[in-house]
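Q: I should like to learn how to read the contacts between two chains. Where does one begin?

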Amino acid sequence: MSEILVLVEHAEGEVKKVTLELLTLARTLGSPAAVWAGPGITAEAKARLAEYGADKIYVAGSADLVDHVVAPKAELLAQLVAAASPAAVLVAATAEGKEVAGRLAVKTDSGVITDAVGLGEGFVADQSIFGGGVNVRAKVRRGTPIVAVRPNSTAPVAAAGAGVEEEVTVALSDSARAARVVERVKQEKGARPELTEAAIVVSGGRGVGSAENFSVIEELADSLGAAVGASRAATDAGWYPHQFQVGQTGKTVSPQLYIAAGISGAIQHRAGMQTAKTIVAINKDPEAPIFELADYGVVGDLHQVVPQLTDEIKKRK
Amino acid sequence: MNIVVCVKQVPDTSTERKLRSDDNTLDRDAADGVVNELDEYAVEEALKLKEAHGGEVTVLTMGPAKATETIRKALAMGADKAVHLSDDALHGSDALSTSYAMAQVLKQIGFDLVILGSESTDARTGVLAAMLAERLGAPQLTLANKVEVDGSGITIQRVTDYGFDRVEASLPAVVSVVEKINDPRYPSFKGIMAAKKKPVQTLAIGDAAIDPAQVGLGAAWSEVVDFAAAPPRAAGTVVKDEGDGGVNAADFLASKKFI
């Protein structure tokens, strides 16, 4: 079976969940080969990659791969594409993952598909476009298919692979080193999962009413182990930091469960969350368009309903 | 400093957007064309850098004739001149073709800094800036929420999921900016009037040494196999809160095994 290269997303030595999803997907299409870029791989990380199906684990441990923006990772993958002739390359459809995919596509003269929510036989990818209004099936017709797959597109399922490790040294070009990361600044984000990766997202909108009131949304999120999001109305009002905005111009999330509190569901917002598997809406306006999407809706004041829901979840744990 | 800001005309996100049934490409006539919202931040950033460091801001747009509306808006905001790459042969170009064609123009017109919005609201691939950096061999300074130029050096803050990276490079460079990096100015009446007299150079592919075999629908590296309107989500249950709305919602979450 042909190799399918999977670029590993990792932080502080740990493999991110999206990579386990990609390995699960890759198993259905070929022989998964995980590609670890940067220093810091641990025995646990290797075991985890093998547990989810990696037959091969390419380890390129040079710090150069992460100390320069994107280009070195694309050079690493291009080198592996040339050496291993994989059937496809999968990356996570994060902002950076898509950039790596884009540069790799140019380098290898290959087509690229971004934001796939599914991938099937012949590497035909499913995409959801125009804010979830249109479903598209697309495929690459030149070169090695490069597909950026959205987090939460598939549930990670363990099935052991051989996990054979191979060290890779990559000869980086000067231009790949042109943009140097000179400092990494970690901003306080607490223990909550990353927004685009989270299995559950709880978002607040105009109905929340103030920055202080966002604690109601945060408490519900914490009771579910969820990430917190916000509508543009809420971020524009300064009630919640801009990087948590879900929508057309913000983050796109595709979680198992999305809870929208005090969000009307304007098209701008729907573009960022419409592919969520289950949607729950709480809004005092029974005419709010968010109810058209909701699997379950409560017409009522979020300041009453949300705290009650949080208490109830804590009680039932 | 010679700054080129890339601006795309996109269908208004508040209207219904469609694909064409004949060739599976975006139906640009079905909706009003507007400036890609994220590009307004790029134009503003270009203007601020020009105000601080001097130089000239050139708008670069690839798109059909009607994209001139978008060019005028960027000129009205304060850009000095524009280059409009417009050719029927470009119709249906994917990101690879688009980056190739734009890189050819950029090589021809020259630049110290290319600035783009982080993505377009129609295709939303978010790859163009990275592809341009690759094709131009220029440093990739993308997803910036802060840009500082000092002589021939440039530093940005690149937004990451944990915060940001401070990234340094030397000019010439390719920058993409994220939403809210600045407050895009509204064109003044004076700006709108002045924009009508600013030079717009229209280029066909032959004017920029663009190989017709590398652009357009026929050259696309990827293709839409088919598409369909998303089936409407099955109607859910909506209840009115009678003092037990939270309990009801919890029951629903329990039935779906979320709790």
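A: One begins with the definition: two residues are in contact if their C-beta atoms, placed from the backbone, lie within 7 Å. This is a predicted model, in which local features need pLDDT of at least 70 and side-chain atom pairs count only at pLDDT 80 or more, while totals for chains, interfaces and linings use all residues. Residues are numbered from 1 along each chain as its sequence is written, and chains are lettered from A and ligands numbered from 1 in the order in which they are written.

Q: How many residues of chain B are in contact with chain A?

A: In chain B, 65 residues are in contact with 73 residues of chain A. The chain B side comprises 31 nonpolar, 16 polar and 18 charged residues. Here Ala, Val, Leu, Ile, Met, Phe, Trp, Tyr, Cys and Pro count as nonpolar, Asp, Glu, Lys and Arg as charged, and the others, Gly among them, as polar.

Q: Which strands of chain A and chain B are joined by bridges?

A: Strands are DSSP runs of E, at least two residues long, numbered from the N terminus; two strands pair if DSSP finds at least two bridges between them. Strand S9 of chain A (residues 134-140) and strand S12 of chain B (residues 222-229) run antiparallel, joined by 7 bridges. Within this topic, A:Asn135 has B:Ala228 as its bridge partner in S12(B).

Q: What is A:Val181 in contact with, leaving aside its neighbours within four places in sequence?

A: A:Val181, found in strand S12 of chain A (residues 180-186), is in contact with A:Asp67, A:His68, A:Val69, B:Asp165 and B:Val167, apart from those neighbours.

Conventions
Helices (H or I, at least four residues) and strands (E, at least two) are DSSP runs, numbered from the N terminus.
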